[in-house]
Amino acid sequence: MTDRNNERIPSAERRVQILEAASRVFGERGYFGATTDQIAREAGISQPYVVRMFGGKENLFVGVLSRSLERLLVAFTDTIEQWKAEGSPEGPDSPEGPSAVTPAGVHGEIGRRLGLAYVNLIEDRGLLLSLMQAFSMGQDPTIGGKARDGFLTIYRLLREGAGFSPEESRSFLAEGMLLNTLLGLRMTDEYDTDPAAKELIECTFRTKLQLVLDVSATEGARA
C-alpha cells in the first residue's frame, strides 16, 4: 500500500490499523525482536509512513500499551456496570460452570464475569501478550512507568469497582498473569501430546478452552 493510498484513509482509522498490526507483531516477537518494518508490512503501510505517524518504535509500543490497557479497562468497566445494573447478583454459579481465570466461588459472580471478559480479549490477537511484554519492561524509564500506572489502574478498578478485597484482587491478577504466561509459552502446542500441559490448560481456561485452542491454531497457521 502506497502513501498516496494511505492519504485516502482518515488518519484516525490509519492509526488504529497500525496499532492493531503493532499489537500482533509486538505480542509475537517482543519489543526488542519487533521492527517498524515488520509492523508496516503487517499493516500494509509503508515503513516511513509508520515512523512519520508515531516517531519511532518506542512511541509505537507506548501506543500499543495504551490501546491494550484501554480495551481491558473498558471490558472490565462495562462488565462491572452491567453487574451492578442487575443488582450485583452473587450467583448462583452460572450454568456454564466455573469461569476461566477465576475458580468457582473465589470472587463470586462478578469475578466469574470479569474472568470471562478477560479471556474473551484473546480474540484481539496480541493484546494480552503485548501487555505481558510491557509488564516485563519495568526497568525502561518510559514504558515501565506507563505499565505500572496501567497495572495499578486495573488493581484500583478491582478494589473500588468490583469490591474485591486486597487478597481477592491479588488472586485475580495472579490468575490472569498465569493465563498470559501460558499464551506466551504457546503451551497449547503441547495440549495433545503432554498430559500435564493438557491438565494445566483445561483447569486454567475452563469454559473458554475451545476459544483458546481455536485462536492458538489460527496463530500457528500464520506463523
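These exercises work through aromatic pairs, a short helix and two aspartates in a predicted model.

Residues are numbered from 1 along each chain as its sequence is written. Because the model is predicted, local features need pLDDT of at least 70 and side-chain atom pairs count only at pLDDT 80 or more, while totals for chains, interfaces and linings use all residues; side-chain values use heavy atoms, with hydrogens and water left out.

**Exercise 1. Classify the ring pair Phe26 and Phe61, and place both residues.**

Step 1. Apply the rule. Rings of Phe, Tyr and Trp (its six-membered ring) pair if their centres lie within 6.5 Å; planes under 30 degrees apart are stacked, over 60 edge-to-face, the rest tilted. By this rule the count comes to eight aromatic pairs.

Step 2. Classify. The centres of Phe26 and Phe61 lie 4.9 Å apart and the planes stand at 90 degrees, so this pair is edge-to-face.

Step 3. Locate. Helices are DSSP runs (H or I, at least four residues), numbered from the N terminus. Phe26 belongs to helix H2 (residues 11–33) and Phe61 to helix H5 (residues 57–85), so the pair ties together parts 35 residues apart in sequence.

Step 4. Check burial. Buried means under 20% relative accessible area, exposed over 50%, partly exposed in between (1.4 Å probe, protein chains only). Phe26 is buried at 0%. Phe61 is buried at 1%.

**Exercise 2. Repeat the analysis for Phe76 and Tyr118.**

Step 1. The centre-to-centre distance is 6.3 Å and the planes are 40 degrees apart; the pair is tilted.

Step 2. Phe76 lies in H5 and Tyr118 in helix H6 (residues 108–120), so the pair links parts 42 residues apart in sequence.

Step 3. Both Phe76 and Tyr118 are buried.

**Exercise 3. Which residues form an aromatic cluster with Phe26, and which charge lies over the face of Tyr31?**

Step 1. Phe26, Tyr31, Phe32 and Phe61 make up one aromatic cluster.

Step 2. A charge sits over a ring if NZ of Lys or CZ of Arg is within 6 Å of the ring centre and within 35 degrees of the ring normal. Lys57 lies over the face of Tyr31, 4.7 Å from the ring centre.

**Exercise 4. List the buried residues of helix H3 (residues 36–43) and find their packing partners.**

Step 1. The buried residues of H3 are Thr36, Gln38, Ile39, Ala40 and Ala43.

Step 2. These buried residues pack against H2, helix H4 (47–54) and H5, where contact means heavy atoms within 4.5 Å.

Step 3. Look just past the helix. Gly44 takes a positive phi of about 70 degrees.

**Exercise 5. Contrast the surroundings of Asp124 and Asp140.**

Step 1. Asp124 sits in the loop between H6 and H7. Its relative accessibility of 15% counts as buried.

Step 2. A polar contact is a pair of N or O atoms within 3.5 Å; within protein, one must be able to donate a hydrogen and the other to accept it, and residues adjacent in sequence count only if both atoms are side-chain atoms. The side chains of Asp124 and Arg71 form one at 2.5 Å.

Step 3. Not counting residues up to four places away in sequence, Asp124 touches Arg67 and Arg71.

Step 4. Asp140 occupies the loop between helix H7 (127–135) and helix H8 (143–161). Asp140 is buried but has no salt bridge (a side-chain nitrogen of Lys or Arg within 4 Å of a carboxyl oxygen of Asp or Glu).

Step 5. The nearest side chain of opposite charge is Arg148, 8.5 Å away; Lys and Arg count as positive, Asp and Glu as negative, and His and the chain ends are not counted.

Step 6. The Asp140 side chain does reach the backbone nitrogen of Ile143, at 2.7 Å.

Terms used: Helices (H or I, at least four residues) and strands (E, at least two) are DSSP runs, numbered from the N terminus.
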